[in-house]
Amino acid sequence: MNSSIRISLLAAAALYVAGVAAPAFTHEEPSAQIRELSRRIAAEPDDAASFLQRGGLHYLLGRWRDAGADFERAARLDPRLGEVDLWR
């Protein structure tokens with residue numbers, strides 16, 4: 001995949017995560033959003049969407065390993081979740 005397409009896909013994925021996370025976390029900093037998603041994941045460990053959202057936030061903060069781990073977990077939990085491939 002060429003770099004301009006990859007950048008476009010990552011930008012689209014970032015907007016997706018921001019859009020999905022926005023209703024639940026309208027004024028919170030990314031770290032606070034990550035903490036809230038971590039609590040949600042602890043309560044619902046099979047929720048692929050929460051792993052995807054948290055991974056996107058880790059990615060936006062430059063926490064590549066944490067992001068990768070969350071994306072891998074989201075993909076294992078829901079192999080049909082196509083958004084994961086935009087981040088990897």
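Is D78 buried or exposed, judged by its relative accessibility? D78 counts as buried, because its relative accessibility is 19% and the cut-off for buried is under 20%. Keep in mind as you look around that this is a predicted model.

**Three salt bridges**

D78 is a good way into the charged pairs. Side chains of opposite charge can pair when their charged atoms come close. The structure holds three salt bridges, and the table lists each pair with the distance between its N and O atoms.

| Salt bridge | N to O distance |
|---|---|
| R39 and E36 | 3.2 Å |
| D70 and R54 | 2.7 Å |
| D78 and R80 | 3.3 Å |

Begin with R39 and E36, which both sit in helix α2, three residues apart, or about one turn of the helix. E36 counts as partly exposed, because its relative accessibility is 28%.

Next come D70 and R54, joined by a salt bridge. Here the pair ties together distant parts of the chain: D70 belongs to helix α4 (residues 64-77) and R54 to helix α3, with their positions 16 residues apart in the numbering. Both D70 and R54 are buried.

Finally, D78 returns with its partner R80. While D78 is buried, R80 is exposed, with a relative accessible area of 74%.

**How α2 meets α3**

Now for the helices themselves. Helix α2 (residues 30-43) and helix α3 (residues 48-60) have axes that come within 9 Å and cross at roughly 155°. This makes α2 roughly antiparallel to α3, and their crossing is left-handed. On the α2 side, the contact is made by P30, Q33, I34, L37, S38, R40 and I41; on the α3 side, by S50, F51, Q53, R54, L57 and H58. Sorted by class, this contact of α2 with α3 has six nonpolar, five polar and two charged residues.

**How α3 meets α4**

Helix α3 also packs against α4, and the axes of these two helices come within 8 Å, crossing at roughly 160°. The two are therefore roughly antiparallel to each other, and the crossing of α3 and α4 is left-handed. From α3, the contact draws on A48, F51, L52, R54, G55, G56, H58 and Y59. From α4 come W64, D66, A67, D70, F71, R73, A74 and L77. The residues of this contact divide into nine nonpolar, three polar and four charged.

R54 and D70 are worth finding again here: both appear in the contact of α3 with α4, and they are also partners in a salt bridge.

Notes. Residues are numbered from 1 along each chain as its sequence is written. This is a predicted model: local features need pLDDT of at least 70, side-chain atom pairs count only at pLDDT 80 or more; totals for chains, interfaces and linings use all residues. Side-chain values use heavy atoms; hydrogens and water are left out. Axes are lines fitted to C-alpha atoms, for helices over the stretch in contact, and angles run from 0 to 180 degrees between N-to-C directions. Helices (H or I, at least four residues) and strands (E, at least two) are DSSP runs, numbered from the N terminus. Angles under 35 degrees count as roughly parallel, over 145 as roughly antiparallel, 65 to 115 as roughly perpendicular and the rest as oblique. A crossing is left-handed if the near helix is turned anticlockwise from the far one by less than a right angle, and right-handed if clockwise. Contact means heavy atoms within 4.5 Å. Ala, Val, Leu, Ile, Met, Phe, Trp, Tyr, Cys and Pro count as nonpolar, Asp, Glu, Lys and Arg as charged, and the others, Gly among them, as polar. A salt bridge is a side-chain nitrogen of Lys or Arg within 4 Å of a carboxyl oxygen of Asp or Glu. Buried means under 20% relative accessible area, exposed over 50%, partly exposed in between (1.4 Å probe, protein chains only).
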